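Let's walk through this model together, one helix pair at a time, and then look at what lies inside.

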Amino acid sequence: MKTQIRILTVAVLALLLAAPAFSQAVGNLKGAVRDTDGKPMVGAVVTLTNDAGKKYEATTDEKGNYSITGIVAGEYTLTLTQNGVPAFNAKLPIKAANEVQDLDLGKLGGMSAEQRKQAEEIRKKNAEIAKENQKIQGLNQLLAQAKQAEDAGNPQQAVQILTQAAQSDPTRDLLWARLAEAQKKVAATASSATDKKEGFGAAVEDYKKAIAIKPLPGYYNNMGDAMARAGDFQASMQAFEQAATADPANAAMYYYNEGAVMTNAGKTDDAVAAFDKAIKANPQQPEPYYQKGVALLGKATVDPKSGAVKAPPEAAEAFNKYLELAPTGPNAQNAKDMLTSMGAKIETSFGKGKKSK
């Protein structure tokens, strides 16, 4: 008797079955599962389930072979899955004997050309998924090793590990960004100015590779810092601007970071301009006012006779604005001390209205 096979998703095997002879005896079932190229289907799960819910299951080995023992004779539903994707479902009578059922897609006579094509597409897709998962697992292991090296205070080893990871799969922005961050740590600990500049320059190039794949605002922000440390201040300011443009909601943060970088580099005018942009992006954020005042103090002069500090009037305005927004902030006392050193009034807004002290 021929058994009618019903295809649920994509048929990937054929069964030529003998007439059933039912009994309560126990038998075994084994065989091989092969794809359309005649290659073994490794890791495919063969499942037999009867009407009472009794289930038998086996997974094909590296040669595509499966074996199920101790099966009670009867009518079963056979299903086949690979990588969690259902591939076949059909009724199958099992006799009380040692049966061999080789499930060979290449010898399937009842499949249409379209069904064969679909089966092959699923097989290839599953193979690609398995390969991609294996690659990701390997990259995650390298990232973990790099972090361990950094935590142990060995950023140079982290650079070596991350270089290997990035070169093994140069299409992943995260790998280049992590490599750039490790390069920055190495450069920061360099003993000579030349090594520092070269190290930060290498970080910039890695950030550019990450941005070419995925232009995230955080990459522009971090690259701006590396550019400034490498001495390319004009490019640094452009990078922070690109970060702010790509992420307007956090523009104040990127401009503030630009101001901090320029302050550390002694670029007073550029720092003040950056803090002004941060203030414009978010006028209620107190810290840019304070840092603007600090930057402006870089332009202050000291009277040689009286010792009085003469600073641009915008400095006092910036410190007082900080005190207005953050009267008990972490830099409140510093702001008051700065104002006192300049001989400027400390304006407060406690109670009803503004008072002067």
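**Helix pairs and cores**

Start with helix α7 (residues 251–264) and helix α8 (residues 268–281), which pack at an angle of about 165 degrees with their axes 8 Å apart. Axes here are lines fitted to C-alpha atoms, for helices over the stretch in contact, and angles run from 0 to 180 degrees between N-to-C directions; helices are DSSP runs (H or I, at least four residues), numbered from the N terminus. The two are therefore roughly antiparallel, a label for angles over 145 degrees. This is a predicted model: local features need pLDDT of at least 70, side-chain atom pairs count only at pLDDT 80 or more, and totals for chains, interfaces and linings use all residues. Residues are numbered from 1 along each chain as its sequence is written, and side-chain values use heavy atoms, leaving out hydrogens and water.

Now turn to helix α4 (residues 193–213) and helix α5 (residues 217–229), packed at about 160 degrees, again with axes 8 Å apart. This pair, too, is therefore roughly antiparallel. Among the α5 residues that meet α4 is Met 223, where contact means heavy atoms within 4.5 Å.

Met 223 also leads us inward: with Phe 319, Tyr 322, Leu 323, Leu 339 and Met 342, Met 223 touches the most other members of the largest nonpolar core, which has 60 residues. Such a core is a set of buried Ala, Val, Leu, Ile, Met, Phe, Trp, Tyr and Cys residues joined through side-chain atoms within 4.5 Å, buried being under 20% relative accessible area (1.4 Å probe, protein chains only). Helix α3 (residues 173–188) gives this core its largest share, seven residues.

Key:
Parallel < 35°, antiparallel > 145°, perpendicular 65-115°, else oblique. Buried < 20%, exposed > 50% of the residue type's maximum accessible area, 1.4 Å probe, protein only.
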